[in-house]
Amino acid sequence: MNFKRCITMNECSMYIQHDWEECIRSIGNKVWISVKQRNNPSIHGHLVCKSLKVNGLPIIQGTNGFEVESVSSYAIQVKQTSCTLVTLLSPYRVFKDVHNTSITSMDVIGNQCVTASDSVLKIWNSLDYEKEKEITMTGHYGDIYCCRWFPSVKVVLSCGADLRIKIWSADTGECAATLTGHTKAVTDLAIVDRGRNIISVSKDGTAKLWHVASGKVIDDLVKFNPTTFINCCSINSPKNINLGERDIPAFEIEVGTDDKCILVGCENGILAFIGVYSRKTLATNDLDSPINACYLNDNAQVFIGCNDGRVIWMNEQLVIKHCVYDTNSPVRCLCLFKELVVCGHGDGSCVLRSTSGKKAYLTGTNADPIYDVCTDTRFLYTASRDGAIRKYLPELLLN
């Protein structure tokens, strides 16, 4: 489907000084702010602290058409003559000492975090972080592209540029197994059910189903042309979807795949929706732009982040229902938080968007690309090129 037929909304982006929440709280201080409509020049202004209320919150005056609607300890609502009201949220907590360089992947379950930087993985707790309690895992050669918790939160899965998939003990940090079989970099991972089977996707054009205990490939779920790089995948058990009939006998070592679908997104813009058990391709689409991030929910709704900046909502037939195209900055990562699609972009912006037009920004990065974003149902986390992990509390967003 041609992207020009997308429904476009919120054709502007707002940017604010990364440390605004600190600077704006002293009388006379000002922070820069700008708004940009896609393919148009930016409009710049300042927010100036004129005085302080009894509760210590600043009274702010904007310049060049910027107006502050409300402000709280962590959030500020701003509008401009060319842009509707948006909320900007500062981090609830920032972790700067976990890694020293770019963080390429992150996963969180109940405050228990696993993060990847270069070829190193670390396990740590965001609730009571102490560097002495970190567990460090080394053994990859080259960048790690994805790290994921198994549902038990006792095992970590990782993959990367070295063509390998590794399984780690979260208690000891030791590598329990290394899976080999891809001929190019392994870009993303999906865990089937409780983790007896996993799925990996690669720049070699394949999506492989693995038996974890034996370390063997069960089957190739997808086998594109070797020049069709697969960038991302997402797995779920969508309701009321015909997943197709299987033509080959079932394998004994294949467990929990009967109700699963896998969504894969490719560098050449190809998007495919596959029944894992049936091995049938249920739907495809060509978005004419590299697909950097994708998500499939349990209602068979599909969410896509493209290299040209588009954020797209689709149905189970991969028909486009909504499209937000407010920036040309590539979407680097994507997750869902309630009804909101959370996207990290290459220009350092992290945006919460909805089909109703609701929009908010997670601030704090100084134009450093966001490489991963995830949620543990209450908090949102971002991992970026500056080596910091930022933790946000979305309930602090102003209504």
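Student: Why is Cys-294 called buried?

Tutor: In this predicted model, Cys-294 has a relative accessible area of 8%. Buried means under 20%, so Cys-294, at 8%, earns the label.

Student: And why is there no bond between the sulfurs of Cys-294 and Cys-232?

Tutor: Cys-232 holds the closest cysteine sulfur to that of Cys-294, at 3.5 Å. A disulfide needs the two sulfurs within 2.5 Å, so 3.5 Å is too far for a bond. A disulfide is, after all, a covalent bond between the sulfur atoms of two cysteines.

Student: How many disulfides does that rule give overall?

Tutor: The count comes to zero. Cys-113 is in no disulfide either: the nearest cysteine sulfur belongs to Cys-374 and is 7.2 Å away.

Student: What makes Cys-113 buried?

Tutor: Its relative accessibility is 0%. With the cut-off at under 20%, Cys-113 therefore counts as buried.

Student: On to the backbone. What makes Asn-240 worth a look?

Tutor: Asn-240 has a positive phi of about 55° although it is not a glycine. Most residues other than glycine have a negative phi. You'll find Asn-240 in the loop between β21 (230–236) and β22.

Student: Is Asn-240 buried or exposed, and how do you know?

Tutor: Exposed: the relative accessibility of Asn-240 is 82%. The label needs over 50%, so 82% qualifies.

Student: Which label, buried or exposed, fits Ala-300, and why?

Tutor: Ala-300 has a relative accessibility of 1%. Since buried means under 20%, Ala-300 counts as buried. Ala-300 also has a positive phi, about 65°, although it is not a glycine. This residue is in the loop between β25 (291–296) and β26 (302–306).

Student: Why is strand β23 described as mostly covered?

Tutor: Of the six residues in β23 (270–275), five are buried.

Student: How do you know that β22 and β23 pair?

Tutor: Two strands pair if there are at least two bridges between them. β22 (261–266) and β23 have five, in the antiparallel sense, so they pass. As an example, Val-264 stands opposite Ala-272 in β23. Their hairpin has three residues between the strands, and Gly-269 there takes a positive phi near 95°.

Student: What makes β24 a partner of β23 as well?

Tutor: Bridges again: β23 and β24 (281–286) pair in the antiparallel sense over five of them. Ala-272 stands opposite Thr-284 in β24, and Ile-270 has Asp-286 as its bridge partner. This hairpin has five residues between its strands, with Arg-279 in the turn at a positive phi of about 65°.

Student: What makes β9 and β12 edge strands?

Tutor: Start with the sheet: four strands form an open sheet in the order β9-β10-β11-β12, with antiparallel pairing. β9 (105–109) and β12 (135–138) each pair on one side only, and that is what puts them at the edges. Neighbouring strands in this sheet are turned by 15° against each other on average, direction ignored.

Student: How do you know that β10 and β11 pair?

Tutor: Six bridges join β10 (112–117) to β11 (120–125), which run antiparallel. At least two are needed, so the pairing holds. Thr-115 stands opposite Lys-122 in β11.

Student: Which residues touch the most other members of the largest nonpolar core?

Tutor: Among them are Met-14, Ile-33, Leu-47 and Phe-66, in a core of 20 residues. Elements that each supply at least two residues of this core include β1 (13–16), α1 (20–23) and β5 (66–71). A second, separate core has 19 residues, including Leu-243, Ala-283, Ile-291 and Ile-320.

Student: What does Phe-66 touch?

Tutor: Leaving aside residues up to four places away in sequence, its contacts include Met-14, Ile-33, Leu-47 and Val-78, along with Ser-34, His-44 and Lys-79.

Student: Last one. Where does the "repeat: WD" label come from, and what does it cover?

Tutor: It comes from an unreviewed UniProt entry, which places it on residues 137–178 and 179–220. In the model, the 137–178 span is 0% helix and 55% strand, with its end C-alpha atoms 13 Å apart. The 179–220 span is 0% helix and 60% strand, and its end C-alpha atoms lie 15 Å apart.

Conventions: Residues numbered from 1 in each chain as written. Predicted model: local features only at pLDDT ≥ 70, side-chain atom pairs only at ≥ 80, totals over all residues. Heavy atoms only, no water. UniProt positions renumbered as here; feature names shortened; annotations may be inferred. Buried < 20%, exposed > 50% of the residue type's maximum accessible area, 1.4 Å probe, protein only. Core = buried A, V, L, I, M, F, W, Y, C linked by side-chain atoms within 4.5 Å. Contact = heavy atoms within 4.5 Å. Axes fitted to C-alpha atoms, helices over the stretch in contact; angles between N-to-C directions.
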